[in-house]
Amino acid sequence: MPGLAKFTKANITAWKAKNGINMLRLSLGIVFLWFGFLKFFPGISPAEDIAGRTISTLTFGLMKPSLSMPLLAVWECTIGLGLITKAWMRLTLILLYFQMAGTFLPILFFPHETFSGLFIPTLLGQYIIKNFVLISGGIVLGAAVQESPPASKVNKNETINMVSTRAIAETFEDDFAAHKN
């Protein structure tokens, strides 16, 4: 039975290693596409008001929400489509990083709306703070993009895995032995 458990753990971990980056990329892409798409329709996005006021404050009132929301919608949908299709990944991630940096500005511009006390975020503050997860996902994808070999260097008959099944199995054997003792 221990052999089966090791085999199963190794296979599950190998599956996660093989599919995790793509699942992260697709899920981030869906989030950006979905939230961006909502911004095309005035009054629908829960982030519309704060995003519009933030951009207006950032541009010293030069860019009104009636202009900034469609631009932000295009920006976010571009990120989402780039992630989903893997098109222009480096540029897509740069757009993601800049967009995410902008999402934290309401904490500086409107602290009374994002926190009700010291270290007590409002619902809006929580909505902003969760963006650390999206940024982390973008960083992981950025690392994966950097490690990917150029398509011209890949043998068409090869499957490229960042983590080999054998290395995973050996890691589990080591872990299993360490916990057994």
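Which helices each supply at least two residues of the lining of the second largest pocket? In this predicted model, the answer is α1 (2-38), α2 (48-58), α3 (65-85), α4, α5 (105-109), α7 (123-129) and α8. The pocket holds about 580 Å³ of space, and 29 residues line it, with L72, E76, Q99, G102 and T103 lying nearest its centre. Sorted by character, the lining comes out as 20 nonpolar, six polar and three charged residues.

E76 turns up again among the salt bridges. There are three of these in the structure, and one of them joins the side chains of E76 and K39, with 2.9 Å from N to O. E76 sits in helix α3 and K39 in the loop between α1 and α2, so this pair ties together parts that are 37 residues apart in sequence. Both partners are tucked away: E76 is buried, with a relative accessible area of 5%, and K39 is buried too, at 7%.

R53 is busier. It pairs with D49, their closest N and O atoms being 3.1 Å apart; both belong to helix α2 and are four residues apart, about one turn of the helix. R53 also forms a salt bridge with E113, at 2.6 Å between the closest N and O atoms. That second pair links distant parts of the chain, as E113 lies in helix α6 (residues 111-114), 60 residues from R53. Through the shared partner, D49, R53 and E113 make up one network. R53 is partly exposed, at 26% relative accessibility, and so is E113, at 25%.

Then there is the surface. W75, W88, L91, I94, Y97, F98 and I139 form a nonpolar patch there, with about 790 Å² of accessible area together. Helix α4 (residues 89-103) gives the most to this patch, four residues, while I139 comes from helix α8 (residues 131-147).

Note on methods: Residues numbered from 1 in each chain as written. Predicted model: local features only at pLDDT ≥ 70, side-chain atom pairs only at ≥ 80, totals over all residues. Heavy atoms only, no water. Patch = residues over 30% accessible without salt bridge, like charges linked within 9 Å, V, L, I, M, F, W, Y side chains within 5 Å. Areas by Shrake-Rupley, 256 points an atom, 1.4 Å probe, with all protein chains shown as cover. Salt bridge = Lys/Arg side-chain N within 4 Å of Asp/Glu carboxyl O. 1 Å grid on protein atoms, 1.4 Å probe; cavity = no way out; pocket = protein on both sides within 12 Å on 5 of 7 lines; lining within 4 Å. Points joined across faces, edges and corners; volume = space filled by probe spheres on them. Nonpolar A, V, L, I, M, F, W, Y, C, P; charged D, E, K, R; others polar. Buried < 20%, exposed > 50% of the residue type's maximum accessible area, 1.4 Å probe, protein only.
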